[in-house]
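Biologist: I would like to go through this structure with you step by step, beginning with charged pairs and then turning to the contact between chains and to the core. Could you show it first?

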Amino acid sequence: MAIEVRIPTILRTYTDGAKAVDASGATIEELIGDLEARHPGIKARLVENDKLRRFVNVYLNDEDVRFLGGLGTPVSDGDTVTVLPAVAGG
Amino acid sequence: MLTISRELVDQIIAHATADHPDEACGVIAGRAGVPERFVPMENAERSPTFYRFDSMEQFRVWRDMDDNDEEPVVIYHSHTATEAYPSRTDVSYASEPHAHYVLYSTALEQFRSFRIVDGVIEEEDVKILEPGV
């Protein structure tokens, strides 16, 4: 079993158009590392200076990982991770 | 071109007017490019110069759209001191290439719509459907 990662429209260029892909890892950080191995280039859109980009939201099941443990948040098989670019502007 | 009902236009203007001088923001969900369901969002920044959807509210709204086979047809926000034209910040964070980005200026009472794709702004015509027509 793996972890399902839901990919927003704007990042589907990295996943050949797939809305959801599988990845594995024990933490969000490892999961993103595995995603990068499968879909090169995607990590830089999510992470900057070893932290989640400020305007990218990553959710573990129903929770924003910023309110859990950030990139160190543990994940397990069967979880769903959702990536959503924050809607923001000035 | 954005085709939108008068009722939805009035809802955007009412939300922007109520939150003035802070920026107001929200989504209109729909299918096949037709805006239908008005979803006002909280501006987590509560600022006259910036807006950001609350992350948990955005998660719930995006999941509901997914469940309903809807998409964010319109993403709107207000400018409260300047014209209804996308700022540099608006362009740098625009992340829904299929959405109509609607701006309403409470200062100038301007309602305008744009596509923002790969950092390029393109203004489009707005066709408002009047009730009973």
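Biologist: How many salt bridges does the structure hold over all chains?

Modeller: Please keep in mind that this is a predicted model, and that what I report is computed from it. In general, side chains of opposite charge can pair when their charged atoms come close. Counted over all chains, the salt bridges that the structure holds number 13.

Biologist: R38(A) and D34(A) meet in a salt bridge; about how far along the helix are they separated?

Modeller: Their side chains meet with N and O at 2.9 Å. R38(A) is partly exposed, at 44% relative accessibility, whereas D34(A), at 18%, counts as buried. Because the two residues stand four apart in helix α1 of chain A, which covers residues 28–38, their separation is about one helical turn.

Biologist: In the salt bridge between R112(B) and E83(B), how many residues apart in sequence are the parts that the pair ties together?

Modeller: The side chains of R112(B) and E83(B) meet at 3.3 Å, taken from N to O. R112(B) belongs to strand β7 of chain B and E83(B) to the loop between β5 and α3 of that chain, so the parts tied together by this pair are apart in sequence by 29 residues.

Biologist: Of those two partners, which one is buried and which one partly exposed?

Modeller: The cut-off for buried is under 20% relative accessible area, and partly exposed lies between that and 50%. E83(B) has 39%, so this residue is partly exposed. With a relative accessible area of 18%, the buried partner is R112(B).

Biologist: Which residue forms a salt bridge with E36(B)?

Modeller: E36(B) is partly exposed, with 44% relative accessibility, and its partner is also partly exposed, at 41%. The closest N and O atoms of the pair are 4.0 Å apart, and a salt bridge is counted within 4 Å. The partner of E36(B) is R31(B).

Biologist: Turning to the interface of chain B and chain A, which residues are linked with R6(A) in a network of salt bridges?

Modeller: Across this interface the rule finds two salt bridges. In one salt bridge, the side chain of R6(A) meets that of D66(B) at 2.6 Å, from N to O. The network that includes R6(A) links this residue with E4(A) and D66(B).

Biologist: Which element gives the most residues to the side of chain B that touches chain A?

Modeller: On this interface, 26 residues of chain B are in contact with 20 residues of chain A, and the rule finds 12 residue pairs in polar contact across it. On the chain B side, β4, α2, β5 and α3 each supply at least two residues. With seven residues, the element that gives the most is α2(B).

Biologist: About how much area do chain B and chain A bury between them?

Modeller: Of the area buried between the two chains, 58% lies on carbon and sulfur atoms. In chain B, the residues that lose the most area to chain A are F59(B), Y93(B) and S95(B), which together make up 30% of what that side buries. The area that the two chains bury between them is about 1,900 Å².

Biologist: Finally, which element supplies the largest share of the largest nonpolar core?

Modeller: This core has 24 residues, and V27(B), M41(B), F53(B), W62(B) and I75(B) touch the most other members. Strands β2, β3, β6 and β7 and helix α2 of chain B each supply at least two of its residues. The largest share, five residues, comes from α2(B).

Conventions:
Residues are numbered from 1 along each chain as its sequence is written. Chains are lettered from A and ligands numbered from 1 in the order in which they are written. This is a predicted model: local features need pLDDT of at least 70, side-chain atom pairs count only at pLDDT 80 or more; totals for chains, interfaces and linings use all residues. Side-chain values use heavy atoms; hydrogens and water are left out. A nonpolar core is a set of buried Ala, Val, Leu, Ile, Met, Phe, Trp, Tyr and Cys residues joined through side-chain atoms within 4.5 Å. Buried means under 20% relative accessible area, exposed over 50%, partly exposed in between (1.4 Å probe, protein chains only). Contact means heavy atoms within 4.5 Å. Buried area is the accessible area (1.4 Å probe) that two parts lose on being put together, summed over both. A polar contact is a pair of N or O atoms within 3.5 Å; within protein, one must be able to donate a hydrogen and the other to accept it, and residues adjacent in sequence count only if both atoms are side-chain atoms.
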